Amino acid sequence: MSGREGGKKKPLKAPKKESKEMDESDVAFKQKQKEDQKAMEAMKAKASGKGPLGASGIKKSGKK
């Protein structure tokens with residue numbers, strides 16, 4: 001066993017992808033994804049201001 005064999009092997013470099021031309025459907029899809037992302041961010045911000053929804057943690061009985 002030589003010294004170079006041990007340890008983690010480096011992955012081969014992936015070839016650079018060519019910048020492909022996007023047609024109208026790709027552009028529309030990307031635009032829709034951006035709008036959905038903005039809507040999700042707005043919903044997260046709105047929901048984070050409130051506390052938990054009806055969940056008050058573990059409910060304990062009076063008995064021990």
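Start with the salt bridges: this predicted model holds 1. Select Lys 32 and Asp 36, the two partners. Put a distance label on the closest N and O atoms, which are 3.5 Å apart. That pair falls within the 4 Å cut-off, so the contact counts as a salt bridge.

Now color by secondary structure. The chain comes to 1 helix and 0 strands. Helix H1 spans 24-48. Both Lys 32 and Asp 36 lie in helix H1. They sit 4 residues apart, about one turn of the helix.

Stay on Asp 36 and switch on the surface. Is Asp 36 buried or exposed? Neither: Asp 36 is partly exposed, because its relative accessible area is 39%.

Next, select Lys 17, Lys 20, Lys 30, Lys 34 and Lys 38. Together these lysines form a positive surface patch. Zoom in on Lys 17. Where is Lys 17 placed? Look in the segment before helix H1. Lys 17 has a relative accessible area of 81%, so Lys 17 is exposed.

Finally, zoom out to the whole chain. How much of the chain do buried residues make up? The figure is 0% of the 64 residues. Show the full accessible surface: the chain exposes about 7500 Å². Carbon and sulfur atoms supply 57% of that area.

Conventions: Residues numbered from 1 in each chain as written. Predicted model: local features only at pLDDT ≥ 70, side-chain atom pairs only at ≥ 80, totals over all residues. Heavy atoms only, no water. Patch = residues over 30% accessible without salt bridge, like charges linked within 9 Å, V, L, I, M, F, W, Y side chains within 5 Å. Areas by Shrake-Rupley, 256 points an atom, 1.4 Å probe, with all protein chains shown as cover. Salt bridge = Lys/Arg side-chain N within 4 Å of Asp/Glu carboxyl O. Lys, Arg positive; Asp, Glu negative; His and termini not counted. Charge placed at Lys NZ, Arg CZ, Asp CG, Glu CD. Helix = DSSP H or I, 4+ residues; strand = E, 2+ residues; numbered from the N terminus. Buried < 20%, exposed > 50% of the residue type's maximum accessible area, 1.4 Å probe, protein only.
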